[in-house]
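Here is a short tour of a protein model, written to be read with the structure open beside you. Take a look at the fold below, and then we can walk through it together.

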Amino acid sequence: MTRLDRLLLHVPRLRRLVLDREAFAAHCMRLQRELDENLERERNLRRELETSAGEIRALTAHCLRLQRELNENLERERSLGQKLETSAEEFTAHCVRLESELDGNLERERTLRRKLETSTEEARALTATAPGDASLHQRMRDDWDSRALSTPRYFIASGDQANTEESFFLSGESNIRDHIQSDLENICQGRDAGSMRIVEIGCGAGRLTKALAAIFGEVHAIDVSPEMIRLAGERVGALPTVRLYVNNGSDLSALPSSSFHFAFSFLVFQHIPEQTIIERYFREVHRVLVPGALFKFQVNGEAVPGAAPGTWFGVSFSESELRALALRYGFEARYLEGVETQYLWAWFFKR
């Protein structure tokens, strides 16, 4: 035991002071540590505060940008609302005009229907008194006149093709691309298409005639219906290379012999009620074509059961019947396509 220890044993108060000093020193050390930790936390908080301040400044700038964009959008919305109000007024006025035009069209349609009913009754009366082939040809003419006076585009084209005048003629251009322009080697046989004279059988309202006139030098288009020819005249009659004819439904008497380089018929013979009428066309086409020229046409190759053939669902031909007719009327049936279908294509070359 040291002298100090012995002294502390004899002087209790002094001993207590020493112990208190050591406790105080330990307490000061704890306080210093806590102070150091608090200072470190303060430094960290200052750094976080500076970071947050930067983020707040960025958010403030972003909010200002959003506010400007919102103001601009609101201004555009007000402008669009004004335009919409103006458009609504114009649309209402347009609807009123359309309604007025529709009323006028309905009145004209009623007038046409009355005329059509009268014409049909007169035609039936005439047909009832006409004998044999004459009555059949008259029925073909009357039926197609009636279709021309009612909804001609519907009876000539199909589906969306008949919706408007534009789609009607665009469908004709598409058919000519598919069946004429893709086959010019067989059709022209070395000739310049622009120098060729051609025959179109069953031209209707000129749906294909217009497209044919853009390819060939002359197009001589024939139809049994005067009303269809009248419509064709309104649409393509002004074209300098087009000639339109009304025939009796089975011959080409208006055309000179051995004068044409190509004959074409599309979706026509399917509507003829007797094979003998189509056979007369074969004979007449052979007469007007130059030697070696092509007659390209469609017939119905699918037998139609049920009702007797008429002027809508006409007669059909088998492959053997067509080949026999080609030989009979002086043709070479070089190609047949679509046998036993509603759209049987035939390539008849004049011998």
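## A hairpin to start with

This is a predicted model. A good place to begin is G338, which takes a positive phi near 80 degrees in the hairpin of strand 6 and strand 7. That hairpin has 6 residues between the strands.

Strand 6 covers residues 331-337 and strand 7 covers residues 344-350; the two run antiparallel and are joined by 6 bridges. If you would like one pair to click on, E332 has F349 in strand 7 as its bridge partner.

## The sheet around it

Both strands of the hairpin belong to an open sheet of 7 strands, ordered 3-2-1-4-5-7-6, with mixed pairing. At the edges sit strand 3 (242-246) and strand 6, each of which pairs on one side only. On average, neighbouring strands of this sheet are turned by 15 degrees against each other, direction ignored.

For a parallel pair, look at strand 1 (residues 197-201) and strand 2 (residues 218-223), which are joined by 5 bridges. Here V199 stands opposite H220 in strand 2.

Helix 10 (residues 319-328) packs on the sheet, where it touches strand 5 (289-299), strand 6 and strand 7. The direction of helix 10 makes about 155 degrees with that of strand 6.

## The chain as a whole

Stepping back, the protein chain holds 10 helices and 7 strands. Of its 351 residues, 35% are buried. The accessible surface comes to about 21,300 Å², and carbon and sulfur atoms account for 55% of that.

Among contacts with a separation of 6 or more, 67% are between residues 24 or more positions apart.

Methods. Residues are numbered from 1 along each chain as its sequence is written. This is a predicted model: local features need pLDDT of at least 70, side-chain atom pairs count only at pLDDT 80 or more; totals for chains, interfaces and linings use all residues. Side-chain values use heavy atoms; hydrogens and water are left out. Helices (H or I, at least four residues) and strands (E, at least two) are DSSP runs, numbered from the N terminus. Buried means under 20% relative accessible area, exposed over 50%, partly exposed in between (1.4 Å probe, protein chains only). Contact means heavy atoms within 4.5 Å. Accessible areas come from the Shrake-Rupley method with a 1.4 Å probe; for residues, only the protein chains shown count as cover. Two strands pair if DSSP finds at least two bridges between them. Axes are lines fitted to C-alpha atoms, for helices over the stretch in contact, and angles run from 0 to 180 degrees between N-to-C directions.
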